[in-house]
Amino acid sequence: MAEIIISAIISLVCIAPIIILGIVQYRSKNPVGFWSGKEPPEKERITDVKAYNQKHGMMWIVYGAGFILCYVCGVPFGGGAAAVLCIIEVTGGMFGMIAYHNKLDRVYYKKGEDI
């Protein structure tokens, strides 16, 4: 029981920044970025900044919630099952987020702007 409590606390501490990032992006007034080291787009290049930010924020919140779900589903089956679910979440989630970010860029960048 102690190892479950300790691992849950460690998991939540590691996942919290991802969810907090999503909340910050969801509430942001200026366009948010996705790639580390790349500047976010200027406000003038985005058609609907609020929707763009909210969708990026929800993307990160869902990604963090996916880790929590993997942990909750993995606990009854042991650490190995939780690890496999988390590996699937990391790889599949990251590819999904990249594809979704690119879709948001296509939808919300003003026509004729270079993405």
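Here is a short chat about a predicted model and the terms used to describe it.

Me: Happy to start simply: what makes up the secondary structure of the protein?
Reply: The protein has 3 helices and 0 strands, and reading along the sequence gives the pattern α-α-α.

Me: Why is isoleucine 4 called partly exposed?
Reply: Good one to check by hand. Its relative accessibility is 35%. Buried would need under 20% and exposed over 50%, so isoleucine 4 falls in between and counts as partly exposed. You will find isoleucine 4 in helix α1, residues 2-27.

Me: What makes Ile4 eligible for a nonpolar patch on the surface?
Reply: Patch members need over 30% relative accessible area, and isoleucine 4 has 35%. Ile4 shares the patch with Met1, Ile5, Ile9, Val13 and Val75, and together they have about 570 Å² of accessible area.

Me: And inside, which residues make up the largest nonpolar core?
Reply: There are 8 of them: Ile15, Ile18, Phe34, Met59, Trp60, Tyr63, Phe67 and Met97. Helices α1 and α2 (49-74) each give two or more residues to this core, with α2 giving the most, 4 residues.

Me: Which residues does phenylalanine 34 touch, leaving out those up to four places away in sequence?
Reply: Phenylalanine 34 touches His56, Met59, Trp60, Met97, Ile98 and His101.

Me: How do you know how the protein compares with a compact globule?
Reply: Set the two radii of gyration side by side: a compact globule of 115 residues would have one near 13 Å, but the protein has 17 Å. Along its principal axes, the C-alpha trace spans about 55 × 25 × 20 Å.

Definitions and conventions
Residues are numbered from 1 along each chain as its sequence is written. This is a predicted model: local features need pLDDT of at least 70, side-chain atom pairs count only at pLDDT 80 or more; totals for chains, interfaces and linings use all residues. Side-chain values use heavy atoms; hydrogens and water are left out. Patches are made of residues with over 30% relative accessible area and no salt bridge: like charges are joined within 9 Å, nonpolar side chains (Val, Leu, Ile, Met, Phe, Trp, Tyr) within 5 Å. Accessible areas come from the Shrake-Rupley method with a 1.4 Å probe; for residues, only the protein chains shown count as cover. A salt bridge is a side-chain nitrogen of Lys or Arg within 4 Å of a carboxyl oxygen of Asp or Glu. Buried means under 20% relative accessible area, exposed over 50%, partly exposed in between (1.4 Å probe, protein chains only). A nonpolar core is a set of buried Ala, Val, Leu, Ile, Met, Phe, Trp, Tyr and Cys residues joined through side-chain atoms within 4.5 Å. Contact means heavy atoms within 4.5 Å. The radius of gyration is taken over C-alpha atoms; the globule rule is 2.2 Å times the number of residues to the power 0.38.
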